[in-house]
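Hi,

Here is the structure I promised to pass on to you. Please have a look at it first, and then read on for what I found in it.

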Amino acid sequence: MYCSKCGQLIPDARLKALPTAKTCVYCSQAPRVAGFPLITGKTEYSALQIISQADAQQLHKMGARRGTGASTYMKREKRN
């Protein structure tokens with residue numbers, strides 16, 4: 001079987017592990033993303049914001065902050 005994106009032969013080991021594979025390992029690698037629901041009303045979620053995994057980790061870190069030192073997570077250029 002051949003990759004549907006690049007046309008290269010999909011290795012037998014991949015097809016054995018994942019019989020429904022349509023792409024090779026290289027073409028199947030996708031950037032990891034995270035989704036956060038956006039509240040547009042008082043209690044309604046009506047949209048989903050997709051961000052990179054690195055941004056998601058930063059938001060998680062900022063969400064866990066406590067006390068007056070919470071602004072230390074902000075980048076220097078954003079403070080000015």
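A47 is partly exposed in this predicted model, with a relative accessible area of 34%. That value puts A47 between the two cut-offs, because buried means under 20% and exposed means over 50%. A47 sits in strand 2, and its contacts, once neighbours within four places in sequence are set aside, are F36, P37 and L38. If you want a distance to check in your own viewer, take A47 and G35: these residues are 12 apart along the chain, and their C-alpha atoms are separated by 9.8 Å.

Two other residues of strand 2 are worth a look alongside A47. L48 also has its place in this strand, which covers residues 45-52. L48 is exposed, because its relative accessible area is 56% and the cut-off for exposed is over 50%. Together with V33 and I50, L48 forms a nonpolar patch on the surface, and the three residues have about 300 Å² of accessible area together.

I51, also found in strand 2, is a buried residue, because its relative accessibility is 12% and buried means under 20%. Which residues does I51 touch, leaving aside its neighbours within four places in sequence? The contacts are V33, A34, F36, A56 and L59. V33 therefore turns up twice in this part of the model, as a contact of I51 and as a member of the surface patch, where patch residues have over 30% relative accessible area. F36 is a contact of I51 and is also in contact with A47. G35 comes back here as well: I51 and G35 are 16 residues apart in sequence, and 6.3 Å apart in space from C-alpha to C-alpha.

Now to the chain as a whole. The secondary structure comes to 4 helices and 2 strands, and from the N terminus on the elements run α-α-β-β-α-α. The chain has 80 residues, of which 15% count as buried. The accessible surface is about 7000 Å², with 55% of that belonging to carbon and sulfur atoms. One number you may like concerns contacts between residues at least 6 apart in sequence: 2% of them join residues at least 24 apart.

Next, the N-terminal part, where UniProt has something to say. An unreviewed entry there carries the annotation "domain: Zinc finger DksA/TraR C4-type" for residues 2-27. In the model, the end C-alpha atoms of that span lie 12 Å apart, and the span is 35% helix and 0% strand. UniProt also lists residues 3-27 as "zinc finger region: dksA C4-type", again from an unreviewed entry. For residues 3-27 the end C-alpha atoms lie 8 Å apart, with 36% helix and 0% strand.

The largest nonpolar core has 6 residues, namely C3, I10, L15, A21, C24 and C27. I10 is found in the segment before helix 1, and it is buried because its relative accessible area is 1%, against a cut-off of under 20%. Not counting residues up to four places away in sequence, I10 touches M1, Y2, C3, L15, A21, K22, T23 and C24. The C-alpha atoms of I10 and V25 are separated by 8.0 Å, although the two are 15 residues apart along the chain.

L15, another member of the core, has its place in helix 1. L15 counts as buried at 17% relative accessibility. With neighbours within four places left aside, its contacts are M1, I10 and A21. L15 and M1 are 14 residues apart along the chain, with 8.4 Å between their C-alpha atoms. A21, also in the core, is in contact with M1, I10, R14 and L15 by the same sequence filter of four places.

Is T23 buried or exposed? T23 is buried, because its relative accessible area is 14% and the limit for buried is under 20%. T23 lies in the loop between helix 1 (12-17) and helix 2 (25-28). Leaving aside neighbours within four places in sequence, T23 is in contact with C3, S4, K5, I10, R14 and S28. Among these contacts, C3 and I10 also belong to the nonpolar core.

Happy browsing, and best wishes.

How values were computed:
Residues numbered from 1 in each chain as written. Predicted model: local features only at pLDDT ≥ 70, side-chain atom pairs only at ≥ 80, totals over all residues. Heavy atoms only, no water. UniProt positions renumbered as here; feature names shortened; annotations may be inferred. Core = buried A, V, L, I, M, F, W, Y, C linked by side-chain atoms within 4.5 Å. Buried < 20%, exposed > 50% of the residue type's maximum accessible area, 1.4 Å probe, protein only. Contact = heavy atoms within 4.5 Å. Patch = residues over 30% accessible without salt bridge, like charges linked within 9 Å, V, L, I, M, F, W, Y side chains within 5 Å. Areas by Shrake-Rupley, 256 points an atom, 1.4 Å probe, with all protein chains shown as cover. Salt bridge = Lys/Arg side-chain N within 4 Å of Asp/Glu carboxyl O.
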